Amino acid sequence: MSKTLGQRNARSHGHLACLHTATAIGLTLALLSPAAAQDPELITDRPDQTESTATVPRGWVQIETGVGFAEEDSEGLETQVFAGPGTLVRIGLAERLELRLGWVGYIDHQVSFQGSSVNASGVGDADIGAKLQLREESGRVPEMAILVGTTVPSGDDEFTSDRFDPSFRLAFAHTLSERVSLGYNIGAAWSSTTEGGDTDTLSNGFYTVAAGFSLSEQWGAFVELFGDVALSASGPPAHSFDGGTTWLIRPNLQLDFFGGFGLSDAADDWFVGVGVSLRLPR
């Protein structure tokens with residue numbers, strides 16, 4: 001499943017109820033609590049596919065969650081996927097280091113062909129990782145960060161890999177002007193599939209390039225190109241284009257919307273999603 005449907009993960013079943021409670025409490029606090037003058041800027045890793053180079057400040061907790069829908073039609077075989085709430089919890093451990101706990105959410109996958117359809121639904125795997133900011137921007141040298149993590153096989157049978165599948169990502173960011181920024185990522189991810197009792201773990205490389213625009217103190221927008229290419233895995237490359245907006249309701253609460261379409265046959269034909277990000281007051 002692509003990240004467009006919220007591969008910004010957490011934990012399943014009982015942990016999901018706890019997460020919903022924490023999100024509701026955090027949302028209430030975010031709406032009612034005035035932000036202190038020294039509160040840092042809210043920088044999120046959604047709704048685009050490009051992860052930021054920024055980390056959550058030490059001692060802060062940030063929750064980023066959302067839902068998405070994607071559709072693909074290939075020679076009469078129509079696939080529709082809903083996923084959510086894909087959730088990422090970011091916890092600041094040190095000045096430039098954060099812990100990342102995620103869960104892809106509930107997945108509903110439907111395949112239709114010539115009037116017949118097959119449906120599968122359940123919860124996806126969790127994942128755990130970390131982000132380390134390597135350096136700040138200096139002249140033409142971009143700000144840099146590295147992200148490492150692994151999936152945790154905790155999902156339902158139809159949506160779990162049954163293995164700990166690792167990934168890594170290098171993130172870069174340039175400030176082009178007061179209102180325009182450029183971010184891009186490159187990395188690789190491993191995924192496991194089981195067929196006939198045999199499990200193979202194969203890798204894909206991926207890339208993202210996103211331009212961000214500050215429209216006002218509250219509104220932002222982005223456009224982005226992203227995709228993946230088989231390394232040890234097989235199959236054609238998948239390239240997509242998307243864009244979206246963010247609305248900073250309060251200094252610690254942001255809403256977002258995104259949508260996009262595929263540029264190659266292996267990508268989703270189109271996809272949309274909405275989400276919310278909040279930072280819990282200290």
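**Exercise 1. Which residues does Gly149 touch, not counting residues up to four places away in sequence?**

*Solution.* Begin with the ground rules: this is a predicted model, in which local features need pLDDT of at least 70 and side-chain atom pairs count only at pLDDT 80 or more, while totals for chains, interfaces and linings use all residues. Residues are numbered from 1 along each chain as its sequence is written, and side-chain values use heavy atoms, with hydrogens and water left out.

Next, locate Gly149 in strand 7 (residues 143-152), where strands (E, at least two residues) and helices (H or I, at least four) are DSSP runs numbered from the N terminus. Then look for contacts, meaning heavy atoms within 4.5 Å; Gly149 touches Ile128, Gly129, Asp165, Pro166 and Ser167.

Finally, because its relative accessibility is 22%, Gly149 counts as partly exposed, the class between buried (under 20% relative accessible area) and exposed (over 50%), with a 1.4 Å probe and protein chains only.

**Exercise 2. Find the salt bridges that Arg90 forms with Asp45, Glu64 and Glu98, and state where the partners lie.**

*Solution.* Apply the rule that a salt bridge is a side-chain nitrogen of Lys or Arg within 4 Å of a carboxyl oxygen of Asp or Glu; the count comes to nine salt bridges.

Step one is the pair Arg90 and Asp45, with 3.9 Å from N to O. This pair links distant parts of the chain, since Arg90 is in strand 2 (residues 77-94) and Asp45 in the loop between helix 1 (14-32) and strand 1 (61-74), 45 residues apart. Both Arg90 and Asp45 are buried.

Step two is the pair Arg90 and Glu64, at 2.8 Å from N to O. Arg90 lies in strand 2 and Glu64 in strand 1, so this salt bridge ties together parts that are 26 residues apart in sequence.

Step three is the pair Glu98 and Arg90, at 2.9 Å from N to O. Glu98 counts as buried because its relative accessible area is 0%, and Arg90 is likewise buried, at 0% relative accessibility.

To finish, place these pairs in their wider setting: Asp45, Glu51, Glu64, Arg90, Glu98, Arg100 and Lys131 are linked in a network of salt bridges.
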